[in-house]
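Open the model in your viewer and keep the selection tool at hand. We will go from stop to stop, picking residues and seeing what surrounds them.

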Amino acid sequence: YTFSVDAPSSLGSLLNDHLELVSARNDPDLDDFQLQAIIKETPGAAQALLETEGYFSAVVRVEEQGEHHYVIKVEPGEPVIIDDVTLQLNGDIRQQADYRQRLAAVLEAWSLPIAAPYRQDDWSSSKRAILRLLTVDRFPLAKIARSQADIDPQTHRAQLLVELDSGPLIRFGPTNISGNKRYPLNVATGLADFRQGDPYQQKKLLDYQAALEQAPQYSGVVVSADMARIVNNEVPVDVSLTEFPKQKLELGLTYDSEDGPGVRIGYDYYNLFGKGCQTRERGMDGRYHRYLRETI
């Protein structure tokens with residue numbers, strides 16, 4: 001069978017992408033009984049999809065026009081408009097000196113303001129965005145304590161309420177390092193921009209991982225904070241390391257249009273003086289240079 005959708009373009013795309021009447025048209029095992037069942041369910045399924053775009057009074061019909069051609073006709077009605085938004089920020093965050101700034105950031109991140117059309121995706125993404133503002137900075141256990149969207153299909157108006165609970169302020173706990181065998185432990189710990197007792201910040205974990213990845217001693221790094229092991233509001237930091245060997249020798253052939261063929265020799269040592277310092281030596285065509293670089 002064939003089909004068409006008679007609806008505004010944006011809504012037509014939504015129905016084309018998700019309705020079973022559309023996806024089942026090329027099913028070779030579909031019989032007439034199953035097709036009629038799908039046609040009967042299509043208006044309700046279409047109305048549920050349209051509600052995600054804010055159309056709560058849509059009328060949907062499926063009409064057969066010609067032999068085995070079906071038309072999905074949509075009268076969307078008026079979209080629901082946001083009439084009121086209430087955002088509440090509760091918990092230990094209220095005792096923080098920057099509470100007003102945190103609340104202002106939550107309000108700014110909210111993407112469904114008054115007078116905007118209601119969309120389910122915007123409703124969900126707005127809640128995720130404001131919750132993330134808390135979980136990445138000092139309050140990783142924050143949660144949405146209450147979430148409510150009151151929609152009146154008769155007046156086409158919506159009232160939204162979201163209550164955030166910050167939970168307790170979390171601090172960094174001890175740093176547990178595994179995989180460290182060849183180099184002094186302080187090579188890895190010294191690259192962290194935080195200590196036990198500092199307020200938790202996800203950015204500091206990401207910066208720590210980046211610093212370890214750039215260090216010449218390590219070929220693989222995973223840094224994580226295990227929220228399931230929080231004790232006394234401190235979260236332990238787990239660091240898993242894969243180390244490079246302490247030394248590396250490189251041999252190669254070179255060719256220069258003026259000097260002809262040559263040999264390149266390189267030698268790296270990553271634990272000079274037993275302190276994780278790096279020395280690098282290079283030789284090429286009889287010319288030799290050496291430099292020493294501190295990595296910690």
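**Stop 1: a threonine in a helix**

Select Thr 42, which sits in helix H3, spanning residues 32-51. Keep in mind as you look around that this is a predicted model. Is Thr 42 buried or exposed? With a relative accessibility of 3%, Thr 42 falls below the 20% limit and so counts as buried. Now show its surroundings: setting aside neighbours within four places in sequence, Thr 42 is in contact with Leu 19, Leu 21, Val 62 and Ile 72.

**Stop 2: the strands S1, S2 and S3**

Two of those contacts lead straight to our next stop, as Val 62 has Ile 72 in S3 for its bridge partner. Select strand S2 (residues 59-64) together with S3: the two pair in the antiparallel sense, over six bridges. Follow the chain round the hairpin of S2 and S3, where four residues lie between the strands, and pause at Gly 66, which takes a positive phi near 80 degrees.

Next, add strand S1 (residues 2-6). S1 runs parallel to S3 (residues 69-75), and five bridges join them. To see one place where they face each other, pick Phe 3, which stands opposite Tyr 70 in S3.

Before leaving, show the side chains of Glu 75 and Arg 61. They meet in a salt bridge, at 3.2 Å from N to O. Glu 75 belongs to strand S3 and Arg 61 to strand S2, so this pair ties together parts 14 residues apart in sequence. Glu 75 is partly exposed, with a relative accessible area of 44%, and Arg 61 is also partly exposed, at 34% relative accessibility.

**Stop 3: the sheet S4-S6-S5**

Now move on to an open sheet of three strands, ordered S4-S6-S5 and with mixed pairing. Its edge strands are S4 (81-90) and S5 (143-152), each of which pairs on one side only. On average, neighbouring strands here are turned by 10 degrees against each other, direction ignored.

Colour S4 and strand S6 (residues 157-165): nine bridges link them in the parallel sense. Within this pairing, Asp 84 stands opposite Gln 159 in S6. Then bring in helix H5 (residues 120-135), which packs on the sheet and touches S4, S5 and S6. The direction of H5 makes about 25 degrees with that of S6.

**Stop 4: the two sides of helix H4**

Select helix H4 (residues 99-109), which lies across S4 and S6 and runs at about 150 degrees to S4. Which residues of H4 are buried? They include Tyr 99, Arg 102 and Val 106. Turn the view to look down the axis of H4: the buried residues fall within an arc of 65 degrees, so they line one face of the helix. Their cover includes S4, H5 and S6. On the other side of H4, you will find Arg 100, Gln 101 and Glu 108 exposed.

**Stop 5: salt bridges around Arg 119**

The whole structure holds 13 salt bridges, and Arg 119 is a good place to see how some of them connect. Arg 119 meets Asp 121 in a salt bridge at 3.9 Å, N to O. Asp 122 also forms a salt bridge with Arg 119, with the closest N and O atoms 3.2 Å apart. Add Glu 53 to the selection: salt bridges that share partners join Glu 53, Arg 119, Asp 121 and Asp 122 into one network. Arg 119 is partly exposed at 25% relative accessibility, as is Asp 121 at 49%.

**Stop 6: an aromatic cluster**

How many aromatic pairs does the structure hold? There are seven. One of them is formed by Phe 172 and Phe 194, which are stacked at 4.1 Å centre to centre, with 20 degrees between the planes. Phe 172 lies in strand S7 (residues 171-178) and Phe 194 in the loop between helix H6 (185-189) and helix H7 (202-214), so the pair ties together parts 22 residues apart in sequence.

Stay on Phe 194 and add Tyr 208. This pair is edge-to-face, at 5.6 Å centre to centre and 85 degrees between the planes. Tyr 208 lies in helix H7, so the pair with Phe 194 ties together parts 14 residues apart in sequence. Both Phe 194 and Tyr 208 are buried. For a last selection, show Phe 172, Phe 194, Tyr 200 and Tyr 208, which form one aromatic cluster.

Terms used: Residues are numbered from 1 along each chain as its sequence is written. This is a predicted model: local features need pLDDT of at least 70, side-chain atom pairs count only at pLDDT 80 or more; totals for chains, interfaces and linings use all residues. Side-chain values use heavy atoms; hydrogens and water are left out. Two strands pair if DSSP finds at least two bridges between them. Axes are lines fitted to C-alpha atoms, for helices over the stretch in contact, and angles run from 0 to 180 degrees between N-to-C directions. Contact means heavy atoms within 4.5 Å. Buried means under 20% relative accessible area, exposed over 50%, partly exposed in between (1.4 Å probe, protein chains only). The arc is that of the directions from the helix axis to the C-beta atoms. Rings of Phe, Tyr and Trp (its six-membered ring) pair if their centres lie within 6.5 Å; planes under 30 degrees apart count as stacked, over 60 as edge-to-face and the rest as tilted. A salt bridge is a side-chain nitrogen of Lys or Arg within 4 Å of a carboxyl oxygen of Asp or Glu.
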